[in-house]
Amino acid sequence: MGPVCSHQQSSLFYEACSTGNLEVVQKMLPDLTLEEINQIDSINGNTALHAACQGNHIEIIRLLLPYSLRTIVNRQGKTALEMMSITDELHTLFSRQGTSERFVDSSSSIESFLLKAADGSELNETSHIPDNWQKGYLSASDANESQFMFAIARAPRLLKAFIKQRTERECCEEFRSLLNEIINQEDKQVFNLYDNFLDKGRIDSLLTLYTLETPLYSVLQNNANAFTALLFLHLPELFDRAYQGETYRGISMTLTDIDAYKWAVQRQDFVLETRTLQSTSKKKTVAQGFAGAYDSSRLSVLITFHFPHKCSTAINLTRVNDKLPPLSNFADEEEVLLLPFTLFQVRSINIDSHTGKYEIILYNIPKIQQLDVERIEITDAMAQLLADVMKNNTTITGLYIMENQISEKGLGCIVNVLRKNKTLTSLGIDSNELGSGAMRLLTPIVRFNETITDLSISYNQIDDLGAFYLADALAYNTTLTSLDLRYNIIEDEGAKNLLKALKCNTTLTTIHLGNNWISKKIEERMYKCVQRNEERSKSSKRRH
């Protein structure tokens with residue numbers, strides 16, 4: 001059938017849904033494709049489901065729901081569910097049917113988390129740690145291959161592995177193979193959403209796919225590598241969906257599990273890191289409703305996740321605003337998807353005086369504050385990825401890109417982001433053989449960034465021309481307190497330009513100039529300028 005006929009069919013079907021003609025809907029529905037069922041009306045942007053909901057045609061809604069994409073919004077920015085008043089019957093229709101463990105862990109709760117030292121160091125001595133947490137830590141190294149995905153905020157070795165060994169194409173192919181294995185080929189909605197993700201590169205479709213009632217959720221609990229990788233690759237696109245507030249999830253626990261959490265309450269030097277994808281809800285009743293009854297050896301426990309600040313790895317799948325409609329196919333669940341590698345502290349364990357049930361309070365803590373990307377030969381693509389990470393990151397205060405021989409193009413990507421960054425206080429770009437051209441690119445950070453206080457650019461072949469560029473920016477800087485210029489090739493001409501800038505600068509209190517080609521006389525004059533600032537700073541502190 002040609003496009004015109006298909007469009008005519010869609011129009012006839014839409015009209016039947018709008019007017020409540022159940023007989024026509026029943027007759028046409030089996031012969032329509034998903035595209036025809038979800039065809040968007042050119043006048044108001046409604047789908048057939050919108051039209052049926054607007055007319056309150058319950059029986060037609062019931063027929064349409066298995067084939068309709070509920071996240072589509074019309075020109076008013078409304079989903080079909082938002083087109084009508086919610087009755088108990090309608091709520092039941094739009095809710096996930098049957099039993100599900102989506103918002104509850106029914107296995108060992110400890111398996112969902114990994115215990116880590118709060119400062120990120122290794123747990124070398126585990127004799128004092130409860131067996132549950134010790135087991136979780138020791139098995140973590142091979143638990144999730146997808147752990148490498150958070151390397152850009154954790155370890156340079158893993159960042160290198162991510163770039164060189166895993167590509168988005170490989171992740172897409174692996175995830176498609178997983179879908180082919182577990183999803184019936186007749187379930188066109190799943191594959192349409194995935195193809196939409198591939199065609200348009202938007203992660204929204206993949207997240208909606210995740211919320212569908214399919215075997216995918218259960219399978220991802222043990223095989224989430226490719227899916228998690230794709231989410232992290234597109235994480236910057238989800239920045240506006242970073243969640244702040246409280247969410248809930250049910251967990252099945254033994255008394256021994258609860259004792260492990262009680263131990264963690266007393267040890268704030270340890271944190272929990274999520275190891276799996278976890279669906280949480282903004283509504284406590286959803287988590288409680290999905291938590292079933294357990295035998296006498298296991299207790300039903302409510303976990304409350306508290307996010308005092310926006311968390312980029314807690315993705316809000318509900319409506320955020322008019323421009324960010326709900327992504328979940330079951331909007332009533334108010335889901336917030338929690339990604340692996342999210343950090344929490346156990347703050348308290350409460351017992352309901354009426355029901356005797358336990359509630360465990362977890363507080364999200366910021367991700368790393370220091371990012372070391374050393375000795376990994378940063379390519380231009382890696383530099384762009386690093387820039388994307390820093391663009392949306394609000395927790396990293398120290399960035400160290402050392403011994404990477406970064407190109408001018410790669411450096412330019414990073415500089416464009418860092419010149420406006422509001423959280424970074426320490427920047428190290430040592431041993432990159434930057435030279436004068438790269439120094440010209442770097443100067444906007446010195447001139448315009450308002451938070452960096454510590455800049456280290458030693459071992460970079462910076463010559464007199466590079467010193468000139470730096471001096472020009474330094475004269476305008478009002479935040480730097482420490483500057484490391486050791487082991488460069490600056491001579492007296494460049495040093496004189498720096499000296500002029502230092503005479504204007506009022507904040508720099510420490511400067512390192514060793515192993516350049518600067519005469520002792522000029523070097524001493526430069527140190528005196530810095531000492532003057534240091535004395536003023538001390539005097540100011542004494543007055544206050």
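Here is a walk through one sheet, the helices and core that go with it, and a loop residue worth a look. Keep in mind that this is a predicted model.

Let's start with the sheet. Six strands make up an open sheet, and they line up in the order β10-β11-β12-β13-β14-β15 with parallel pairing. At the edges sit β10 (370-372) and β15 (510-512), each of which pairs on one side only. Ignoring direction, neighbouring strands here are turned by 0 degrees against each other on average. As a reminder, strands of a sheet pair through backbone hydrogen bonds, either parallel or antiparallel.

Zoom in on one pair. Strand β11 (residues 398-400) and strand β12 (residues 426-428) run parallel and are joined by 3 bridges. Leu399 has Leu427 of β12 standing opposite.

Those two leucines turn up again in the largest nonpolar core, which has 54 residues: Leu399 and Leu427 are among the residues with the most contacts inside it, along with Leu442, Ile457, Leu483 and Met526. Helices feed this core too, with α16 (380-392), α17 (408-418), α18, α19, α20 and α21 (520-543) each supplying at least two residues. The top contributor is α17, which gives 6 residues. For a closer look, take Leu442: setting aside its neighbours within four places in sequence, Leu442 is in contact with Leu411, Val415, Ile429, Leu434 and Ile457. Another core, of 38 residues, lies apart from this one, and its members include Leu178, Leu193, Phe197 and Leu209.

Back to the helices, and to one pair in particular. The axes of α19 (residues 464-474) and α20 (residues 492-504) come within 8 Å and cross at roughly 5 degrees. Because angles under 35 degrees count as roughly parallel, α19 is roughly parallel to α20. On the α19 side, the contact involves Asp464, Ala467, Phe468, Leu470, Ala471 and Leu474, which meet Glu493, Gly494, Asn497, Leu498, Ala501 and Leu502 of α20. Sorted by type, the residues of this contact come out as 8 nonpolar, 2 polar and 2 charged.

Last stop: Ser431, which you'll find in the loop between β12 and α18 (435-448). Is Ser431 buried or exposed? Neither, quite: Ser431 counts as partly exposed because its relative accessibility is 23%. Its C-alpha atom is separated by 5.7 Å from that of Met402, although the two residues are 29 residues apart along the chain. Not counting residues up to four places away in sequence, Ser431 touches Glu403, Asn404 and Gln405, as well as Ser458, Tyr459 and Asn460.

Key:
Residues are numbered from 1 along each chain as its sequence is written. This is a predicted model: local features need pLDDT of at least 70, side-chain atom pairs count only at pLDDT 80 or more; totals for chains, interfaces and linings use all residues. Side-chain values use heavy atoms; hydrogens and water are left out. Axes are lines fitted to C-alpha atoms, for helices over the stretch in contact, and angles run from 0 to 180 degrees between N-to-C directions. Helices (H or I, at least four residues) and strands (E, at least two) are DSSP runs, numbered from the N terminus. Angles under 35 degrees count as roughly parallel, over 145 as roughly antiparallel, 65 to 115 as roughly perpendicular and the rest as oblique. Contact means heavy atoms within 4.5 Å. Ala, Val, Leu, Ile, Met, Phe, Trp, Tyr, Cys and Pro count as nonpolar, Asp, Glu, Lys and Arg as charged, and the others, Gly among them, as polar. Two strands pair if DSSP finds at least two bridges between them. Buried means under 20% relative accessible area, exposed over 50%, partly exposed in between (1.4 Å probe, protein chains only). A nonpolar core is a set of buried Ala, Val, Leu, Ile, Met, Phe, Trp, Tyr and Cys residues joined through side-chain atoms within 4.5 Å.
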